[in-house]
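Hello,

Here is the structure we talked about passing on. Please load it before reading further; my notes follow below.

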Amino acid sequence: MSPDKPKLLILGGPDVRPDELSAALGGRYEVVVAGSEGVDPASKLSDSSVAIDERLREQLLGPAAASAMLNAIGEGVCLTTPGGALVWANDRFKLLDEPVKARVVAVCREARDFFNSGSGGAKPGVYDEPNSATCKFDVVDEEANRFFEVYVSPADIEGAEPGHIAAVVRETTKRRRMEARMAAIDSAGAALINLEAEAVRTKNSAERLEMLQSRVEQHTHELLNFDHFVVRLTDDRTGKLELVMMVGMPPEVDDFDLYAEEEGSGISGLVAATGVSYICSDAEADERFLPGLGDAKSSLTVPLRLHDAVVGVVNVESRETAAFTDADRQFLEIFARYIAISLHILDLLVVERSATNQSVSGRVEGELRECLEDIVSEAEWISGFGQADPETKDHIARIKADVENIRDRVRNVASGPQTLLGVERAMAEREADPILIGK
């Protein structure tokens, strides 16, 4: 069969003329007619397949084909001689920096000595399968900050001196950098929820929330490179997304009445309702996007999760189009869990403070009630003798007013925000004392 022509097998009977078919189709095909002369079509097909398979086998097993396959894979491959010299490498390996190539050849020598020793000594490198003939090494290009895994194995070549070593080099820079970044985010999250006893004891609820916001701002800037974001918590009573943190955003952001609903509350409402993060690559083309940061071109919104519940959202915006990647989403989702835990801890402290104050004030008020009522009763009795004396009447009125003031002050001990959302509202409503302005 001509190597340039595909074989065409035609099944026919007595009316099929092989010479005519060959003349008509021979320019493009090698024509084989079966069935007209008792030829078994299956055997023809089988013979043809075997012939083709053998020819392909010869081509695929040739040196050129082997080299082409090794160049096509996405990893560096090299072969060293028994003496430890580099004898062959694919194109991917040749692209590596010289220090990396030198280090790979060095670990091949190290593994060769181990393979040739035949001893049961410690295997060089690190590998999860102790009985495997492969050694794994970690190679670092410190100047370029790149990381590689090198898998080294003995390579027995027919007709050649034994002791050749083959190595496969796989770059792990992207994975290692992601692992390092995730570890840094995890460490920052742990610091976020580490509320020192002194801070809890000496700061009120508003000051604690400000401290937490400062930490969140620092970590999001240093680790995530985010400088414009808001954090909203869902009010369990109304479903409204209440603003609790705002960094690098205009005050008008708080003008939006957003709810944890899939429709009508923009991207934040959708994320709060579904618990699914949302990357808006083009704010102008996304009808769900509600303007926050001036000239915002893209945004990233992730849910605040506490256990299995969505308790709010974190919304980050950028003035660049398509500024956020899927890796940014993953990192922010991890950090958002720590934000949710931190806010939950502060909320528990507010609730605990409120409940404690109510309990204490109730007990104090109960202890004082009998004494105060007795004072009022005595004042009423005295007033029956002092109606004609204006000065006595004023004193009695002052006694009654003081008793009422005592009751009010005991009740006020339990006043103030009942939850963290109340703390945020109290912070927003604070006004500077005119007497202290400029002092």
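Asp286 is buried yet makes no salt bridge. The nearest side chain of opposite charge is that of Arg288, 5.5 Å away. A salt bridge here would need a nitrogen of Lys or Arg within 4 Å of a carboxyl oxygen. Bear in mind that this is a predicted model.

Where does Asp286 lie? Its place is the loop between strand E10 (278-280) and strand E11 (298-306). Beyond its neighbours within four places in sequence, Asp286 is in contact with Ile267, Tyr278 and Cys280. Of these contacts, Ile267 is also one of the buried residues of helix H9.

That brings me to H9 itself. The helix covers residues 266-274, and 7 of its 9 residues are buried, so the rest of the structure largely encloses it. The buried residues are Gly266, Ile267, Ser268, Gly269, Leu270, Val271 and Ala272. What covers them includes E9, E10, E11 and E12. Just after H9, Gly275 takes a positive phi of about 75°.

Next, the nonpolar cores. Which residues of the largest core touch the most other members? They are Val231, Leu304, Val314, Ile339 and Leu343, out of 29 residues in that core. Two or more residues each come from helix H6 (173-192), H8, E8, strand E9 (241-247), E11, E12 and H10. H10 gives the largest share, with 9 residues. Take Ile339 as an example: leaving out residues up to four places away in sequence, Ile339 touches Leu192, Val216, Val231, Leu304 and Val314. Another core lies apart from this one. That core has 19 residues, among them Leu96, Val100, Val104 and Cys108. As background, nonpolar side chains tend to be buried together in soluble globular proteins.

Last, the aromatics. The count comes to 2 aromatic pairs. One of them is Phe226 with Phe324, in an edge-to-face arrangement. Their ring centres are 5.6 Å apart, with 70° between the planes. This pair links distant parts of the chain, with the two positions 98 residues apart. Phe226 sits in the loop between helix H8 (205-224) and strand E8 (229-234). Phe324 sits in the loop between strand E12 (309-318) and helix H10 (326-383). Are these two rings buried or exposed? Phe226 is buried, and so is Phe324.

Over to you.

Best wishes

Methods: Residues are numbered from 1 along each chain as its sequence is written. This is a predicted model: local features need pLDDT of at least 70, side-chain atom pairs count only at pLDDT 80 or more; totals for chains, interfaces and linings use all residues. Side-chain values use heavy atoms; hydrogens and water are left out. Helices (H or I, at least four residues) and strands (E, at least two) are DSSP runs, numbered from the N terminus. Buried means under 20% relative accessible area, exposed over 50%, partly exposed in between (1.4 Å probe, protein chains only). Lys and Arg count as positive and Asp and Glu as negative; His and the chain ends are not counted. Contact means heavy atoms within 4.5 Å. Rings of Phe, Tyr and Trp (its six-membered ring) pair if their centres lie within 6.5 Å; planes under 30 degrees apart count as stacked, over 60 as edge-to-face and the rest as tilted. A nonpolar core is a set of buried Ala, Val, Leu, Ile, Met, Phe, Trp, Tyr and Cys residues joined through side-chain atoms within 4.5 Å.
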